[in-house]
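Grab a pencil and work through these exercises with the sequence and the structure side by side. Each task comes with a step-by-step solution, so try it yourself before reading on.

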Amino acid sequence: MKVIYNGEKDRNFKEVLGEFIPSLAEKDDKIVYLDSDLANCIGMGKFITNHPDRGFDCGIAEANMIGIASGLSSAGFKPIVHTFGPFASRRCFDQVFLSAGYAGNSVTVIGTDAGVCAAMNGGTHMPFEDAALYRVIPNAYIFDIADTVQLKSVLKQCVDIQGVKYLRMGRKQNFKMYEEGSEFTPGKGVVVCEYGKDAAIFAAGIMVAKAIDAANKLKEEGINVTVVDLFTWKPLDEELIVSLAKSCGAVVTAENHNRVNGMFSAVTDVLALNCPVPAAAVGVEDRYGQVGPQDFLEEEYGLTAENIIEKVKAVIARK
């Protein structure tokens, strides 16, 4: 694995999904795809048209879609399900919990336009709570995807992982983070920047690039931090979290999510039980979403490198 982040934009997530899911299905005839009237939003409309026995548009009926996917899983298929983040989580939560999780079925759920990535679709489509819901499902997996290379590695593994898997990401561009062909192990964080032990920053999704930007600016000021892409929120890489907390003595998390019951909560649960240290969060504070361009929303909700820098300095002062 090689980190190649230099500020260059990646391909659109939706373009890669529209290519990669069909390529997986071509290699494995047990893979089926379900969507809730949004297939064209990620380039899967053609697959549904050309493969009516393996691609299903369930309409704007997300709960029913999860029920169908769970039934297909019980019949031996490997369903991949897509809709926007809020509809992939709170709208169909009961069905995901019972029909998939409790019943022992395996469903891979993709929730796109997570958090501020929903942008102009506005507050109704802007989930800051999606991962929090999936966190309470026993044995579920949660992934917050940083770039399309990571997406491909995680998704191809998810179809063969038992149980509920939730992938949250944008639909459009983020930054290139990893060299093509890099592979990722679910449940293991990735150290993307290792300047020193003044503090540890755990970030995920769109916040990984911002955390690296923050680390570079802090280094210029003589503050040396380590940045981890904690792309798996559940199960967490507890060993890495505890190790860095002990060696750095201060932790900051950065997430495109409500910090309550999000990654900050997950990380501090680990710290409270194993290694309490000063900690701070860069995340959405107890607010609803709103309409706006993504860069505006990032500033509005404090999802910035500058906010990460401020929080790092604050936790270091508490050491």
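**Exercise 1. Find the glycine that follows α3 and give its phi.**

Solution. Step along the chain past the end of α3 and you come to Gly-76. Its phi is positive, near 100°. Keep in mind as you go that this is a predicted model.

**Exercise 2. Check the span of α3 against what its number of residues leads you to expect.**

Solution. Start with the count: α3 runs over residues 62-74, which makes 13 residues. At 1.5 Å a residue, that should give a span of 18 Å. Now look at the end C-alpha atoms, which are 18 Å apart, so the two values agree.

**Exercise 3. Work out where the buried residues of α3 sit around the helix, and what covers them.**

Solution. First, list the buried residues: Glu-62, Met-65, Ile-66, Ala-69, Ser-70, Leu-72 and Ser-73. Next, look down the axis of α3: these buried residues fall within an arc of 160°, so they line one face of the helix. A general rule helps here: an α-helix has 3.6 residues a turn, so residues three or four places apart point the same way. Last, see what lies over the buried residues of α3: the cover includes the strands β1 (31-35), β2 (55-57), β3 (78-84) and β4 (107-112), along with the helices α4 (85-89) and α5 (93-102).

**Exercise 4. Take Met-65 and decide: buried or exposed? Then find what Met-65 touches.**

Solution. Met-65 belongs to helix α3. The cut-off for buried is under 20% relative accessible area. Met-65 has a relative accessibility of 1%, so it counts as buried. Skip residues up to four places away in sequence, and Met-65 touches Leu-34, Asp-35, Ser-36, Cys-58, Val-81, His-82 and Thr-83. For one more distance, try Val-96: it is 31 residues from Met-65 in sequence, and their C-alpha atoms are 9.9 Å apart.

**Exercise 5. Do likewise for Thr-108 and Ala-254: is each buried or exposed?**

Solution. Begin with Thr-108, which you'll find in strand β4. Its relative accessibility is 1%, so Thr-108 is buried. Beyond its neighbours within four places in sequence, Thr-108 is in contact with Pro-79, Ile-80, Val-81, Leu-155, Cys-158, Val-159, Lys-165 and Leu-167.

Now move to Ala-254 in strand β11 (residues 251-258). With a relative accessible area of 0%, Ala-254 is buried too. Its contacts, again leaving aside neighbours within four places, are Phe-202, Ala-203, Ala-204, Met-207, Met-263, Val-282 and Ile-308.

**Exercise 6. Describe α8: its span, its buried residues and the glycine just after it.**

Solution. Count 14 residues in α8. From first C-alpha to last, α8 reaches 20 Å, close to the 20 Å expected at 1.5 Å a residue. The buried residues of α8 are Met-207, Val-208, Ala-209, Lys-210, Ala-211, Ile-212, Ala-214, Ala-215 and Leu-218. Just after α8 comes Gly-222, with a positive phi of about 85°.

**Exercise 7. Describe the largest pocket and the largest cavity.**

Solution. The largest pocket holds about 270 Å³ of space. Its lining has 18 residues, and the closest to the centre are Lys-9, Phe-175, Lys-210, Gln-294 and Glu-298. Which elements give two or more residues to this lining? They are α8 (207-220), α11 (294-300) and α12 (305-317). Sort the pocket lining by kind and you get eight charged, six nonpolar and four polar residues.

The largest cavity has about 60 Å³ of space. Among the residues lining this cavity are Ala-114, Asp-144, Arg-168, Ala-204 and Asn-256. The cavity lining splits into six nonpolar, three polar and two charged residues.

**Exercise 8. Look at the backbone in the loops: what is special at Pro-235, Asn-139 and Asp-286?**

Solution. Pro-235 sits in the loop between β10 (232-234) and α9 (238-248). The peptide bond leading from Lys-234 to Pro-235 is cis, with omega near -5°.

Asn-139, in the loop between α6 (130-135) and β5 (141-144), isn't a glycine, yet its phi is positive, about 65°. Asn-139 is exposed, at 67% relative accessible area.

Asp-286 lies in the loop between β12 (279-284) and α11. Also not a glycine, Asp-286 has a positive phi of about 35°, and its relative accessible area of 70% makes it exposed.

Methods. Residues are numbered from 1 along each chain as its sequence is written. This is a predicted model: local features need pLDDT of at least 70, side-chain atom pairs count only at pLDDT 80 or more; totals for chains, interfaces and linings use all residues. Side-chain values use heavy atoms; hydrogens and water are left out. Helices (H or I, at least four residues) and strands (E, at least two) are DSSP runs, numbered from the N terminus. The expected span of a helix is 1.5 Å times one less than its number of residues. Buried means under 20% relative accessible area, exposed over 50%, partly exposed in between (1.4 Å probe, protein chains only). The arc is that of the directions from the helix axis to the C-beta atoms. Contact means heavy atoms within 4.5 Å. On a 1 Å grid over the protein atoms alone, a cavity is a set of points where a 1.4 Å probe fits but cannot get out, and a pocket is an open set with protein on both sides within 12 Å along at least five of seven lines; lining residues have an atom within 4 Å of a point. Grid points are joined across faces, edges and corners, and a volume is the space filled by probe spheres set on the points. Ala, Val, Leu, Ile, Met, Phe, Trp, Tyr, Cys and Pro count as nonpolar, Asp, Glu, Lys and Arg as charged, and the others, Gly among them, as polar.
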